[in-house]
Amino acid sequence: MGFGMFFFGLAFMVGWAAAGAALVYGLVVLVRIWPRDWVRREGHPAVRLLVPAPAYLRLDVVLATSALLVDLWLVSAAIVFGSDGIFTEDWMGYPGMTDPSGQGYQAGVVSALRTMAWWTSGIAALCRCWTTAGVQVCVLPLAASWIGSFDTYYT
């Protein structure tokens, strides 16, 4: 087994715990800031709408970290599941027999990552979580392009 495959397998396994812990911590922060002000009380109405209160900014940073960990887990899961007879990258080693049902796997993963990026960043922007929206727009489309660049047995 190649070092790259070992790395993504390890990231996949550790990702469950890290993403779960980050989401639980995000819920704890949300419960702690719930009674506080979510919108600034002073300034122009546009500034009050676009610039969240300090407690809400803390929640945004926690959500951005959680989103990053979930994104890394999702990308490592796509690579781990795709290494079983679909991808032929040199650092993955010989994946075994090719999976004939995997012809659309790469395109499906790329499409799913891009769709997830736009939906999650849109929801984050609607909720005024600007950091989270930026993380989702930066990480997932780049990961989709990277996975789309892999050689497969079918190309």
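Student: How many helices and strands does the chain have, and in what order do the elements run?

Tutor: This predicted model has five helices and zero strands. From the N terminus on, the elements run α-α-α-α-α.

Student: Where in the chain is confidence lowest, and where is it highest?

Tutor: Helix α2, residues 45-50, has the lowest confidence, with a mean of 65, and helix α5, residues 130-148, has the highest, at 90. Over the chain the average pLDDT is 76, and 70% of the residues score at least 70. Where pLDDT is low, the predicted coordinates should not be read in detail.

Student: What makes Gln136 count as buried?

Tutor: The relative accessible area of Gln136 is 3%, and the limit for a buried residue is under 20%. Gln136 is therefore buried. This residue belongs to helix α5.

Student: Which residues are in contact with Gln136, leaving aside its neighbours within four places in sequence?

Tutor: They are Ala67, Asp71, Ala117, Thr120, Ser121 and Pro141.

Student: What joins the side chains of Gln136 and Thr120?

Tutor: A polar contact of 2.8 Å joins them. The cut-off for such a pair of N or O atoms is within 3.5 Å, and the 2.8 Å between the Gln136 and Thr120 side chains satisfies that limit.

Student: Why is Ser121 called buried?

Tutor: Ser121 has 6% relative accessibility. Because buried means under 20%, Ser121 counts as buried. Ser121 is found in helix α4, and its side chain reaches the backbone oxygen of Ala117 at 2.8 Å. Not counting residues up to four places away in sequence, Ser121 touches Ala133, Gln136 and Val137.

Student: Which residues touch the most other members of the largest nonpolar core?

Tutor: Of its 13 residues, those are Val75, Ile79, Val109, Leu113, Ile147 and Phe150. Helices α3 (54-82), α4 (105-126) and α5 each supply at least two residues of this core. There is also a second, separate core of nine residues, including Ala55, Leu59, Cys129 and Ala133.

Student: What does Leu113 touch, not counting residues up to four places away in sequence?

Tutor: Leu113 touches Leu74, Val75, Leu140, Ala143, Ala144 and Ile147.

Student: Why is Leu74 called partly exposed?

Tutor: Leu74 lies at 25% relative accessibility. Buried requires under 20% and exposed requires over 50%, so Leu74, at 25%, counts as partly exposed. Leu74 lies in helix α3. Leaving aside its neighbours within four places in sequence, Leu74 is in contact with Leu113 and Met116. Its C-alpha is 8.5 Å from that of Gly15, a residue 59 positions apart from Leu74 in sequence.

Student: What makes Tyr105 and Ala18 partly exposed?

Tutor: Tyr105, in helix α4, has a relative accessible area of 22%. Ala18, in helix α1 (residues 3-33), has one of 27%. Since the partly exposed class lies between the limits of under 20% and over 50%, Tyr105 is partly exposed, and so is Ala18.

Student: How far apart in space are the C-alpha atoms of Ala18 and Trp73, and of Tyr105 and Phe81?

Tutor: Ala18 and Trp73 are 8.8 Å apart, with their positions 55 residues apart in sequence as the separation. For Tyr105 and Phe81, 24 residues apart along the chain, the distance is 9.6 Å.

Student: Is Cys129 buried or exposed, and what is Cys138?

Tutor: The relative accessible area of Cys129 is 5%, and the limit for buried is under 20%; Cys129 is therefore buried. Cys138, at 47%, does not reach the limit of over 50% for exposed, so Cys138 counts as partly exposed.

Student: How many disulfides does the chain have by the sulfur-distance rule?

Tutor: The count comes to zero disulfides. A pair of cysteine sulfur atoms must lie within 2.5 Å to be counted.

Student: What share of the chain's residues is buried, and what share of the accessible surface belongs to carbon and sulfur atoms?

Tutor: Buried residues make up 38% of the 155 residues. The accessible surface is about 9,100 Å², and 73% of that belongs to carbon and sulfur atoms. Among contacts with a separation of 6 or more, 71% are between residues 24 or more positions apart.

Terms used. Residues are numbered from 1 along each chain as its sequence is written. This is a predicted model: local features need pLDDT of at least 70, side-chain atom pairs count only at pLDDT 80 or more; totals for chains, interfaces and linings use all residues. Side-chain values use heavy atoms; hydrogens and water are left out. Helices (H or I, at least four residues) and strands (E, at least two) are DSSP runs, numbered from the N terminus. Buried means under 20% relative accessible area, exposed over 50%, partly exposed in between (1.4 Å probe, protein chains only). Contact means heavy atoms within 4.5 Å. Accessible areas come from the Shrake-Rupley method with a 1.4 Å probe; for residues, only the protein chains shown count as cover. pLDDT is the predictor's confidence in each residue, from 0 to 100. A polar contact is a pair of N or O atoms within 3.5 Å; within protein, one must be able to donate a hydrogen and the other to accept it, and residues adjacent in sequence count only if both atoms are side-chain atoms. A nonpolar core is a set of buried Ala, Val, Leu, Ile, Met, Phe, Trp, Tyr and Cys residues joined through side-chain atoms within 4.5 Å.
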